[in-house]
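Please take a moment to look over the sequence and the model before reading on. The paragraphs after the display are meant for someone meeting this structure for the first time.

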Amino acid sequence: MPSFTVVPTTAKMPIAAMMKGPGPAKYGLPSCLGHPGHDIRKSKSPAFSFGRRLKTSTSSDSPGPAYMFPARMTRQGGDGAPAYSLHSRPKMPKPLATPAPGHYRPERRRKSASGYSFGMRTKTFTHDSTPSPSAYTIPSYVGSGARSSAPAYSMTGRSKIGSFHEDLRRTPGPGSYKTIVPSVYKYKSPTYSMNGRNYLPNDATKKPGPGTYTPENVIVNRDIAPKFSFGMRHSEYMALMPACRE
């Protein structure tokens with residue numbers, strides 16, 4: 001099988017697709033705003049600027065609104081009405097030394113009732129062998145073990161033999177008899193029961209809901225505006241035919 005060798009070649013003559021020029025943003029046109037650097041091909045409109053702030057004079061020959069007469073001054077002088085003011089609180093010459101109610105101790109008067117307190121525990125108290133009141137055992141006077149007691153009675157259990165409710169004949173109770181249903185020997189009324197829920201036969205297929213339909217996309221009965229989209233990106237080396245350009 002013959003073998004082939006691919007040798008890369010370069011174009012001898014440059015083509016237009018290989019020439020890439022600068023974009024529109026590369027060119028810097030002179031501005032049409034402001035005075036410096038203005039485009040000489042365009043006419044200039046008059047420009048105005050703010051003036052600088054003048055220095056305010058510190059000296060004034062007029063007293064201004066601050067120069068006012070007192071409200072109580074008339075052309076004949078003061079109105080003469082009495083005026084009062086609040087003075088400061090004068091200091092007390094000496095603070096009061098009157099005792100408060102809590103300083104009195106009426107319980108500490110000289111003549112008082114006799115008072116008693118608990119004395120201290122003596123050292124011989126721990127060696128005292130006197131029995132306590134609970135150490136004595138007095139014989140009981142209640143019950144059979146007492147020295148002289150009254151007759152005592154007790155309640156015995158209820159015995160079924162010989163009692164008033166003893167069943168000597170073994171008579172059965174009312175619950176021992178089996179009653180017959182009245183419908184056996186009498187007229188039987190109609191009886192009803194609840195049947196299961198029945199559903200009507202219908203189509204089990206799934207139907208679309210109202211939100212599934214899009215009537216705004218229907219264009220059969222009305223005109224639609226033209227729609228445009230971006231074209232496909234072609235190769236830089238593709239030559240457009242005259243018919244395609246039109």
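What follows goes from the overall picture to a few individual residues.

The model is a predicted one, and a careful reading begins with the confidence attached to it. Across the protein chain the mean pLDDT is 76, and 77% of the residues reach 70 or more. Among the parts of the protein chain, confidence is highest in helix α1, at a mean of 86, and lowest in helix α2, which covers residues 242-245 and has a mean of 54. Where pLDDT is low, the predicted coordinates should not be read in detail.

With that caution in mind, one can turn to the overall arrangement. The protein chain holds 2 helices and 2 strands, and a reader who follows the sequence meets them in the pattern β-β-α-α. The protein chain has 246 residues, of which 2% count as buried. About 28,600 Å² of the protein chain is exposed, with 59% of that area supplied by carbon and sulfur atoms. Among the contacts with a separation of 6 or more, residues 24 or more positions apart account for 17%.

Which residues, then, count as buried? Two of them can be followed in some detail, H38 and D39. H38 is found in the segment before β1, the strand of residues 73-74, and because its relative accessibility is 12%, which is under the 20% limit, H38 counts as buried. Leaving out residues up to four places away in sequence, H38 touches S31, C32 and L33, and also S43 and K44.

D39 lies in the segment before β1 as well, and its relative accessibility of 5% is the reason why D39 counts as buried. Once neighbours within four places in sequence are set aside, the residues in contact with D39 are P30, S31 and C32. S31 and C32 therefore appear in the contact list of H38 and in that of D39.

D39 also takes part in a salt bridge with R41, in which the closest N and O atoms are 3.2 Å apart, and the side chains of D39 and R41 are likewise joined by a polar contact of 3.2 Å. The two partners sit in contrasting surroundings, because R41 is exposed, with a relative accessible area of 62%, whereas D39 is buried, with a relative accessible area of 5%.

How many salt bridges are there in the count? The count comes to 2, and besides the pair formed by R41 and D39 there is one between K207 and D203, where the closest N and O atoms are 3.1 Å apart. In this second pair K207 and D203 are both exposed, while in the first pair D39 is buried.

The last stop is on the surface, where I180, V181, V184 and Y185 make a nonpolar patch of about 450 Å². One of these residues, Y185, is found in helix α1, which covers residues 182-185, and this is the helix where the confidence of the protein chain is highest. Is Y185 buried or exposed? Y185 counts as exposed because its relative accessibility is 53%, a value over the 50% that the term requires.

Notes
Residues numbered from 1 in each chain as written. Predicted model: local features only at pLDDT ≥ 70, side-chain atom pairs only at ≥ 80, totals over all residues. Heavy atoms only, no water. Patch = residues over 30% accessible without salt bridge, like charges linked within 9 Å, V, L, I, M, F, W, Y side chains within 5 Å. Areas by Shrake-Rupley, 256 points an atom, 1.4 Å probe, with all protein chains shown as cover. Salt bridge = Lys/Arg side-chain N within 4 Å of Asp/Glu carboxyl O. Helix = DSSP H or I, 4+ residues; strand = E, 2+ residues; numbered from the N terminus. Buried < 20%, exposed > 50% of the residue type's maximum accessible area, 1.4 Å probe, protein only. Contact = heavy atoms within 4.5 Å. pLDDT = per-residue confidence, 0-100. Polar contact = N/O pair within 3.5 Å; in protein donor to acceptor, adjacent residues only side chain to side chain.
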